[in-house]
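Work through the exercises below with the sequence and the coordinates open. Try each task before reading its solution.

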Amino acid sequence: MYRSVYPWVLVLGLAACTRAEETEPQTAEAPTPAAASGFVSIGEVPLPSQKAMPHDIVAGTDGMIWFTERRANKIGRFDPQTSTIREYAIDVPRSAPIGIAVDDSGNVWFAASAKGYIGMLEPGTGKITNYGLGDRAKD
């Protein structure tokens, strides 16, 4: 599974450097890692939020690619099958999400570095539950 994730890491990194209205999606052929043969298609998918500042990325067990958007205050999900991005807004302003993980149930966890809490996103409902860290957040 990880082999199929690598091209999308590159794609999201490239898309983060541009504004959506300034670029047209492009496709190029690039060689796969040396252990594999053939070619893969690498495309660029601009992020919906301008200046999103994506930071961390993880692949879920279902093949979805999850990432944090620090400035946009959102969690993003990229579907490699459809090349679509869905964003989940975080209800605590200026949380600056950083770090991301997906548990065995498919819940997406992130750290709100500017507000001192851990968030859990339930993708099916879009609900985010916040777990405060109290005084420990100052460390």
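Buried means under 20% relative accessible area, exposed over 50%, and partly exposed in between (1.4 Å probe, protein chains only). Helices (H or I, at least four residues) and strands (E, at least two) are DSSP runs, numbered from the N terminus. Two strands pair if DSSP finds at least two bridges between them.

The model is predicted: local features need pLDDT of at least 70, side-chain atom pairs count only at pLDDT 80 or more, and totals for chains, interfaces and linings use all residues. Residues are numbered from 1 along each chain as its sequence is written, and side-chain values use heavy atoms, without hydrogens and water.

**Exercise 1.** Decide whether A96 is buried or exposed, then find its phi.

*Solution.* Locate A96 in the loop between β6 and β7. Its relative accessible area is 11%, so A96 is buried. Its phi is positive, near 55°. Most residues other than glycine have a negative phi.

**Exercise 2.** Do the same for R94.

*Solution.* R94 lies in the loop between β6 (84–89) and β7 (97–102). Its relative accessibility is 64%, so R94 counts as exposed. Phi of R94 is positive too, near 50°.

**Exercise 3.** Describe the surroundings of strand β4 (residues 65–69).

*Solution.* Start with burial. Five of the five residues are buried, so β4 is largely enclosed by the rest of the structure. Next, take the faces. I65, F67 and E69 point one way, W66 and T68 the other. Then check the neighbours. β3 (residues 54–59) runs antiparallel to β4, with four bridges. A59 is the bridge partner of I65. β5 (residues 74–79) is also antiparallel to β4, through five bridges. Here W66 stands opposite R77.
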